[in-house]
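I sat down with this model to look up the ligand site and a few backbone details. Here are my notes, in the order I made them.

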Amino acid sequence: MSSAAVSFSARQIALSEAEFRLLQRLFYDQVGIQLPPVKKPLVCGRLAKRLAALQLDSYQQYYKLLVSPQGADELEVAIDLITTHETYFFREPQHFDYLQQKILPQLHGQADLRVWSAASSTGEEAYTLAMLLDQHRSPKAWSVVGTDVSLAVLESARKGLFVEGRGDKIPPHYLKRYCLKGRDRYAGYFLVERELRERVEFRPNNLTSPAPELGLFDVILLRNVLIYFDLPTKQLVLKHVLERLRPGGWLMVGHSESLQGPPMRLEQLAPSIYRKPLR
Ligand SMILES: C[S@@+](CC[C@H](N)C(=O)[O-])C[C@H]1O[C@@H](n2cnc3c(N)ncnc32)[C@H](O)[C@@H]1O
């Protein structure tokens, strides 16, 4: 490595209050996420490498790029860096137990079943649903759609390739049935088997916009994303999500997320499980 490259990557560029406010507003407008002042070091830390890669001298220059027509691709990169993608297989397992024990029996007579993993991140939630539906719903028809605002996580989700440790929470019989252990250059990884992968569709979606193109779902998981929104955005997102839930359908949110003041009448069935009235 040349000495110039060393000094370049070591350069620390300060993020001023005014620049932070510009970025706060931009990410709020784009994806609805709130970046309170405590997140300033995080924003700085996550975006610094982009300034270095693009050889920019200030966050002001980076902001100008993001809002310019030529900056559309970089905006995708920035959104991916700013959003938090933490997820894992069988996260909050009570939801999957509820789906299996309470919802599936009620939908047994229904010809098709559609489930939406909204804000799916790298796909663990959507594949968890697919494993469960394949076990407990097949051969009757079902499908899973996973969506996220970050194109990078969707690309990764579509591959269905995970580092072995990510499979820790997958029950052994599911692991054996649906996950292929990687060999040679894939040693240390597992791949969700093709048949299951093909039944899960990953599509881009920004929850702050209506999404009629997704159609209607019987069950929607909207978990661990509402926490990043302020109340007006939360209500807007819920409105859009509930428009995609068929009457009588179920909505599950993360256990730490509350639905105070939902924009629509919902029946609460369990701490984070709701049902849309039939009429
Ligand atoms: C913490 S992950 C949650 C993953 C999964 N639902 C779970 O509970 O494990 C939050 C995801 O929300 C996505 N996200 C943030 N803002 C969004 C928006 N406006 N529209 C759609 N997805 C968004 C992020 O990209 C991230 O992948």
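Before anything else, I wrote down the cut-offs: a residue is buried under 20% relative accessible area, exposed over 50%, and partly exposed in between. I also reminded myself that this is a predicted model.

**Entry 1: a positive phi in a loop.** I began with Asp184, which has a positive phi of about 50 degrees although it is not a glycine. I found Asp184 in the loop between strand 4 (179–181) and strand 5 (189–192). Is Asp184 buried or exposed? The relative accessible area of Asp184 is 72%, so I noted this residue as exposed.

**Entry 2: another positive phi.** Next I looked up Asn224, another residue other than glycine, and its phi is positive, near 60 degrees. Asn224 belongs to the loop between strand 7 (217–222) and helix 11 (231–243). I put Asn224 down as buried, because its relative accessible area is 14%. Asn224 also took me to the ligand, as it is listed with Val31, Thr87, Arg91 and Asp148 as coming nearest among the 22 residues around the ligand.

**Entry 3: the ligand site.** I then asked which pocket the ligand takes up. The ligand occupies the space of the largest pocket. I sorted the shell around the ligand by residue class and got eight nonpolar, nine polar and five charged residues.

For polar contacts, I went through the N and O atoms. The side chain of Arg91 has an N or O atom 2.8 Å from an oxygen atom of the ligand. Two backbones come in as well: a backbone N or O atom of Arg223 is 2.9 Å from a nitrogen atom of the ligand, and for Val149 a backbone N or O atom lies 3.4 Å from a nitrogen atom of the ligand. How much of the ligand does the protein cover? On its own the ligand has 600 Å² of accessible area, and the protein covers 99% of that.

**Entry 4: a cis peptide bond.** I checked omega and found that the peptide bond from Ser138 to Pro139 is cis, with omega near 10 degrees. I placed Pro139 in the loop between helix 7 (124–136) and strand 2.

**Entry 5: a residue in strand 2.** Staying with strand 2 (residues 143–148), I picked out Val144, which is part of that strand. Val144 has 1% relative accessibility, so I count this residue as buried. I also took the separation of Val144 and Pro172: 28 residues in sequence, and 22 Å in space from C-alpha to C-alpha.

Notes:
Residues numbered from 1 in each chain as written. Predicted model: local features only at pLDDT ≥ 70, side-chain atom pairs only at ≥ 80, totals over all residues. Heavy atoms only, no water. Near = heavy atom within 4 Å. Polar contact = N/O pair within 3.5 Å; in protein donor to acceptor, adjacent residues only side chain to side chain. Areas by Shrake-Rupley, 256 points an atom, 1.4 Å probe, with all protein chains shown as cover. 1 Å grid on protein atoms, 1.4 Å probe; cavity = no way out; pocket = protein on both sides within 12 Å on 5 of 7 lines; lining within 4 Å. Sits in = over half its atoms within 2 Å of the grid points. Nonpolar A, V, L, I, M, F, W, Y, C, P; charged D, E, K, R; others polar. Helix = DSSP H or I, 4+ residues; strand = E, 2+ residues; numbered from the N terminus. Buried < 20%, exposed > 50% of the residue type's maximum accessible area, 1.4 Å probe, protein only.
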